[in-house]
Amino acid sequence: MELKDVKNITFPKPSFAEWKEAVEVTLKGKTIEQLKTHTYEGITLDPLYTADSRAKKPELPGFFPFTRGTSPMGYHEKPWLVVQPVSGNTAEEANEKMLAAFKRGQNSVAFPARMLAEGARFVNLTKNIPLKDIPVFIDLKGGQKEFLPQFKAAAESQNAQLTGVLAEDPIGQWLIGGQMPVDTDGYFAKWLKTIEEYQKIGQDLKTVLINTAIYHNGGANALQEIAYGLSAAVQYLSEGQKQGLSIASLAEKFVFSFAVDSNYFMNIAKLRAARRLWACLAEAFETAPEHFKMAIHAVTSELTETLYDEHVNILRTTNQAFAAAIGGIEYLQIHPFNHASGGTDDFSERIARNTHLILKEETNITTVVDPAGGSWYVEQLTDELAEKAWGKFLEIDEAGGILAIIKQGTLQKELTDVFQKRIQNAAYRKESMIGTNVYPNPADRIKAPAHADRESYMKTGKPMDIMPITLERLSVQFERIRLSSERHKVNGGASPKIGLINLKDIKCYKPRADFIKGLAAAGGIETLESEGCQTIEEAVEYVASTNLAIYCVCASEADCSDFAAPVISIIKKQFPHILIYCAGKQQKETEIALSEAGVKDFIHIKTNAITILEELLHELGVK
């Protein structure tokens, strides 16, 4: 056969049915349905997506409904802004750090609102910074009216029109603080006048923030985050209508802030779906879609941050930032890897800032208008998420809007329900947190975490109490347990310990011994393990020499059935005060025999890690 003949060879295109048949052969009796996964959003993910997965009419970047971005040129036209807040003990120190950050890749002015509240003057914070050329990004957290004179002074001192974001989200602040004004109409009327005042110092300023990250960090899934965000936006637009404001001009003042977690493809779809639905809302307000081009600020998730093995947070935030960039954003904020501890430093801030630069300069995603375009999986996921989020949005609208469900506590309860599912999955290690509930480093030590900066500067007048959103990281339940173990060591001089009674050969006991060691380390419990005990006498000698309160038998399923029961029975007779557990799920008959021999419980992959760790520590005298 000649080369020209090789070039003309064509291979038959396999059908989905043929692929399915081939896969099921490798599954050894299982069906393809068992490869499907279910998300917190109620979406079922298929193991394979094809061109037939998405039958919708193709969309173009920069054109309605803006699913693929608001600009036909993507990042070619305007790269995302690096929004890394800079702070210091004084305005002068913060100013110096900001000027230094500009030399290292920062291209926006970003300070925490806390600095303004504590007396730092914005004009001093921005000394030698050309505000007419560099945009600002500050979540004012309820201090919009209070801080306005500072921004006026800075704008006048430089004879500049400010650009960027000086915004706040009243509804989000109310949910954090657990209070909202009794007279919401009166509050919004005053707030909207303040927003109009801001146009005098910057006609292009974004002044209305839809902070859906608050819902995310309260446990929300992607569907809820979109629906609640759209509902809050509609509430603000409706209030603007009451005050006679132009919907078109008001909508252009909105910026949406989305948290991005480690569910990579879901987050890409979330940003795309949100842009589409916001654009579609233009029709409801009888406004041209051009005014409803969603400006997106993405921030890495606080929910997924961990205290232990904190450098793993670098991997998490890089993955999250990459998803945000692929999804199409205008502003990106990456939390430093030690953000959860409240102890950020120059090194961690540098790593966070450099992540932007690596994504921009070394991945080539800025050279492609829509990197996610053409991915059948992402396209289908976007469609499903948009449809479900729109249904949820309509449900909220029928219930009277977002304020109504907040007053009833419905929104807060829905967040709690999803958060509890996440907590449960983390406890059963279905949701892995490297360094915390899986692969913990026993040598890692931390200090008790500082309180997160969630201060609100909102003044609501006469308030009414509402149920606040609980903002807590998924890893907290494990960290509290492990911190208790560390305190016990400091106070008592020794770490809590359990022994592992390993039976027979290493290849038999090692998988289950490693599992128990990893689980124990997640609670700060040290393990002392025996060599492979070939006889009952060796096992008894090991227990006698270590003299611990708790032991766990680790052996293969066969050895548990044949050898473990007599070992445990003899040990319990000689040491009746000790507690014995067994690693691994056993056959019913074996479990009965081992329980009769003296096993207290069985620890396996379906065991709730939090429950068993608390039980072990209680038995070891750890409070």
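P65 sits in the loop that connects β2 (44-45) and β3 (81-82), where helices (H or I, at least four residues) and strands (E, at least two) are DSSP runs numbered from the N terminus. The peptide bond leading from F64 into P65 is cis, and its omega is near 5°. The model is a predicted one, in which local features need pLDDT of at least 70 and side-chain atom pairs count only at pLDDT 80 or more, while totals for chains, interfaces and linings use all residues. Residues are numbered from 1 along each chain as its sequence is written, and side-chain values use heavy atoms, with hydrogens and water left out.

Turning to the chain as a whole, 23 helices and 16 strands are found in the protein chain. Its C-alpha trace spans about 85 × 80 × 50 Å along the principal axes. Of the 623 residues, 54% are buried; buried means under 20% relative accessible area, exposed over 50%, and partly exposed in between, with a 1.4 Å probe and protein chains only. Among contacts (heavy atoms within 4.5 Å) with a separation of 6 or more, 77% join residues 24 or more positions apart.

A convenient place to look next is the open sheet. Its 7 strands follow the order β3-β10-β9-β8-β7-β5-β4, and the pairing is parallel; two strands pair if DSSP finds at least two bridges between them. The edges are formed by β3 and β4 (136-139), each of which pairs on one side only. Strands β8 (residues 254-260) and β9 (residues 296-300) run parallel and are joined by 5 bridges, and F258 has A298 of β9 as its bridge partner. Helix α13 packs on the sheet, where it touches β8, β9 and β10, and its direction makes about 165° with that of β9. Such angles run from 0 to 180 degrees between N-to-C directions, with axes being lines fitted to C-alpha atoms, for helices over the stretch in contact. Helix α6 (residues 144-158) lies across β4, β5 (164-168) and β7 (206-211), and runs at about 150° to β5.

Helix α14 (residues 346-362), which includes E362, can be followed from one end to the other. At its start, a side-chain oxygen of D345 comes to within 3.2 Å of the backbone nitrogen of F347. The 17 residues of α14 should span 24 Å at 1.5 Å a residue, and the end C-alpha atoms are 23 Å apart, which agrees; the expected span is 1.5 Å times one less than the number of residues. Buried positions in α14 are S348, E349, A352, R353, T355, H356, L359 and K360. An α-helix has 3.6 residues a turn, so residues three or four places apart point the same way. The buried residues of α14 pack against β3, α3 (91-102), α13 (312-327) and β10 (331-333). E362, in contrast, counts as exposed because its relative accessibility is 63%. The C-alpha atoms of E362 and E596 are 62 Å apart, with their positions 234 residues apart along the chain.

Just after α14 comes N364, with a positive phi of about 70°. N364 is not a glycine, and it is found in the loop between α14 and α15 (376-398). Y439, also a non-glycine residue, has a positive phi of about 50°. Y439 lies in the loop between α17 (410-427) and β11 (463-465), and it counts as exposed at 67% relative accessibility.

As for the interior, the largest nonpolar core has 83 residues, and those with the most contacts inside it are I171, Y215, F254, W278 and L411. A nonpolar core is a set of buried Ala, Val, Leu, Ile, Met, Phe, Trp, Tyr and Cys residues joined through side-chain atoms within 4.5 Å. With neighbours within four places in sequence left aside, I171 is in contact with Y215, A232, Q235, Y236, I402, L403 and I406. Another core of 33 residues lies apart from the largest one and includes Y509, L579, I603 and L620.

Q173 is placed in helix α7 (residues 170-177) and counts as buried, at 4% relative accessibility. Residues touched by Q173 are K141, G142, I214, E455, S456 and M458, when those up to four places away in sequence are not counted. Strand β12 (residues 497-502) is mostly covered, with 5 of its 6 residues buried. It pairs in the parallel sense with strand β13 (residues 526-529) over 4 bridges, and K497 has E526 of β13 as its bridge partner.

Definitions and conventions
Polar contact = N/O pair within 3.5 Å; in protein donor to acceptor, adjacent residues only side chain to side chain.
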